[in-house]
Amino acid sequence: MKQKKYRSQHGLFVVEGEKVVRELIEAAVKPFGLFVDEPELLKQFDQAKLVSAQVLKQMSSLTRPSGVLGVFHMMEPKDKVKADWTVVLDAVRDPGNLGTIIRLCDWFGISELVCSTDTVDCYNPKVLQATMGSIARVSVSYTDVVDYLTQTERPVYGAYMDGASIYHSNLGKNGILVMGNEANGISEKVGKLIAERISIPQFGGVTTESLNVATATAILLNEIRRE
């Protein structure tokens, strides 16, 4: 299940670590199999199977396995809810960034995250590790972002280096926040659908090129929720 094609083929994904596995179980995500390498852990995960540390290491994608590994059925798409704000990702490729953004959506009460088809797979093990279980509480979907934005009636804001300062922008009670690719930002075709360009002003020296996309998302969501 380390490769996307096998995850899709079998409808299963792997997560590692006590916290993430427990959060998925508590969120009623259906486990296919749970594995631990210490008898003490069986008390916490009564459905688990005890395996040797060597076997768990072979199953794991981590350099240092955590001792708990879960294989889960992929989550059914959540019923559409009327979200006040939605985050849209345009070709975000780094697993750590996507995982952190999913976690940020959970923290700031953003129930819907829409990803372009060339954004990294949300079931990638590194993504799941970074979500710390938030994947169970945020609806993540993949679609043609241009089509999605064309059909919306909510205002669309895009994060740009040269946009209007987020601190001076008059954001409404609902909208869509578009975050772009780590290296290239928001693509030209998506940019044509942005109603307002917003940015995070730089106060330090000019040597820093830009903010990490996950860090920028955190700052922008914080300001959105301050409105």
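A residue counts as exposed when its relative accessible area is over 50%, and as buried when that area is under 20%. Keep this in mind for the first exercise; the model used throughout is a predicted one.

**Exercise 1. Place Phe203 and decide whether Phe203 is buried or exposed.**

Solution. Start with the location: Phe203 sits in the loop that runs between S10 and H8. Next, take its relative accessible area, which is 73%. The cut-off for exposed is over 50%, so Phe203 is exposed. To finish, compare sequence and space: Phe203 and Ala130 are separated by 73 residues in sequence, and their C-alpha atoms are 29 Å apart.

**Exercise 2. Work out the strand order of the open sheet and find its edge strands.**

Solution. Begin with the order: 4 strands make up the open sheet, arranged S1-S4-S2-S3 with mixed pairing. The edges are strand S1 (12-16) and strand S3 (49-50), each of which pairs on one side only. Now look at one pairing: S2 (residues 31-36) and S4 (residues 68-73) run antiparallel, joined over 5 bridges. Here Phe35 faces Leu69 in S4. Lastly, add the helix: H2 (residues 18-26) lies across S1, S2 and S4, at about 30 degrees to S4.

**Exercise 3. Describe the largest pocket and its lining.**

Solution. First, the volume is about 720 Å³. Second, 28 residues line the largest pocket, with Tyr160, Met161, Ser210, Leu211 and Ala216 nearest its centre. Third, the elements giving two or more residues to this lining are strand S8 (156-165), strand S10 (196-199) and helix H8 (213-226). Finally, sort the lining by class: 14 residues are nonpolar, 12 polar and 2 charged.

Key. Residues are numbered from 1 along each chain as its sequence is written. This is a predicted model: local features need pLDDT of at least 70, side-chain atom pairs count only at pLDDT 80 or more; totals for chains, interfaces and linings use all residues. Side-chain values use heavy atoms; hydrogens and water are left out. On a 1 Å grid over the protein atoms alone, a cavity is a set of points where a 1.4 Å probe fits but cannot get out, and a pocket is an open set with protein on both sides within 12 Å along at least five of seven lines; lining residues have an atom within 4 Å of a point. Grid points are joined across faces, edges and corners, and a volume is the space filled by probe spheres set on the points. Ala, Val, Leu, Ile, Met, Phe, Trp, Tyr, Cys and Pro count as nonpolar, Asp, Glu, Lys and Arg as charged, and the others, Gly among them, as polar. Two strands pair if DSSP finds at least two bridges between them. Contact means heavy atoms within 4.5 Å. Axes are lines fitted to C-alpha atoms, for helices over the stretch in contact, and angles run from 0 to 180 degrees between N-to-C directions. Buried means under 20% relative accessible area, exposed over 50%, partly exposed in between (1.4 Å probe, protein chains only).
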